[in-house]
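Reader: I'm new to this and would like to learn how to read a protein model. Could you take me through one?

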Amino acid sequence: MGTVITPQLVDIVDTFTRQRSYSSGTSHRLTFCQLEPWGLRMEYPTPEDPFMDSEVTWLLPAPGLRLTHKRPRSRHARTGPSTLTAVRIQRDSRAWRTTDLLLGLAVPGGTTARIVGSEEFAAAVSGQVLRPGDADLALHTVHRTLEEISRCYHDLAPWLSYQRITTPWPPL
């Protein structure tokens, strides 16, 4: 069975209304949305997910990445890895628009980061859903980030510091 090719995934975050809209037509009201010198920080609840309570997302325009962490409902549950996804970010005074480039890194902490989304990425490239320039950008972004994180012993805290971000991750 082959990978299903999806159209480009575009999210729009309206920083005034604190709303995140997806290309699927769904949207989430953000419980936290704050502009930072390094990007945009947001959080929203995930009531449809039986295991996860909320999702924390940071948009990092300088490296072209979206950093995501899902908080479990149970305090005793193991948290999953943080995910760095290559994205193209466009912003203006009101909205941040991200185009998902379908390739990323799972960074579990304490162990080696790994590339994720490669099957969907390959299907999108072969199906011409991703333009060649976007595919090149995704590969370059993910490989550069993997190299940087490996120099930080696969730990996001020193990598974020290297990016001049001093806000703790994952957020408490």
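Author: Sure, let's begin with a definition: helices (H or I, at least four residues) and strands (E, at least two) are DSSP runs, numbered from the N terminus. Take E120 as a case: this residue sits in helix α1. Before we go on, this is a predicted model, where local features need pLDDT of at least 70, side-chain atom pairs count only at pLDDT 80 or more, and totals for chains, interfaces and linings use all residues. Residues are numbered from 1 along each chain as its sequence is written, and side-chain values use heavy atoms, with hydrogens and water left out.

Reader: How many helices and strands does the protein chain have, and how do the elements run from the N terminus on?

Author: The protein chain has three helices and 10 strands. Reading from the N terminus, the order is β-β-β-β-β-β-β-β-β-β-α-α-α.

Reader: How do I read the radius of gyration of the protein chain?

Author: The radius of gyration is taken over C-alpha atoms, and the globule rule is 2.2 Å times the number of residues to the power 0.38. For 172 residues, a compact globule would come out near 16 Å, and the protein chain has 16 Å, so the two agree. Along its principal axes, the C-alpha trace spans about 40 × 40 × 35 Å.

Reader: What do "buried" and "exposed" stand for?

Author: Buried means under 20% relative accessible area, exposed means over 50%, and partly exposed is in between (1.4 Å probe, protein chains only). Here, buried residues make up 45% of the 172 in the protein chain. Back in helix α1, E120 is partly exposed because its relative accessibility is 30%. E119 is also placed in helix α1, and with 61% relative accessibility it counts as exposed.

Reader: And what area does the protein chain expose?

Author: Accessible areas come from the Shrake-Rupley method with a 1.4 Å probe; for residues, only the protein chains shown count as cover. The protein chain exposes about 9700 Å², and carbon and sulfur atoms supply 54% of that.

Reader: What counts as a contact?

Author: Contact means heavy atoms within 4.5 Å. Among contacts in the protein chain between residues at least 6 apart in sequence, 40% join residues at least 24 apart. Try R97, a residue of strand β9. Leaving out residues up to four places away in sequence, R97 touches V10, D11, I12, R88, I89 and Q90. R97 is partly exposed, at 37% relative accessible area.

Reader: How far apart in space are residues that are separated along the chain, say R97 and D14?

Author: R97 and D14 are 83 residues apart along the chain, and their C-alpha atoms are separated by 8.8 Å. For another pair, E119 and T79 are 40 residues apart in sequence and 24 Å apart in space, C-alpha to C-alpha. Then there are E120 and P61, 59 residues apart along the chain, with 23 Å between their C-alpha atoms.

Reader: Which residues have a positive phi although they are not glycine?

Author: L102 is one of them, with a phi of about 65°. L102 lies in strand β9 (residues 95-107) and is buried, with a relative accessible area of 8%. Y153 has a positive phi too, near 55°. Y153 is found in the loop between α2 (132-151) and α3, and it counts as exposed at 74% relative accessibility.

Reader: Where is there a cis peptide bond?

Author: Look at the bond from W169 to P170, which is cis with omega near -10°. P170 belongs to the segment after α3 (156-162).

Reader: What is a pocket, and how is its volume found?

Author: On a 1 Å grid over the protein atoms alone, a pocket is an open set of points with protein on both sides within 12 Å along at least five of seven lines, whereas a cavity is a set of points where a 1.4 Å probe fits but cannot get out; lining residues have an atom within 4 Å of a point. Grid points are joined across faces, edges and corners, and a volume is the space filled by probe spheres set on the points. The largest pocket holds about 420 Å³. Its lining has 18 residues, with Y44, E55, R66, T68 and K70 nearest the centre. β7 gives the most to that lining, four residues.
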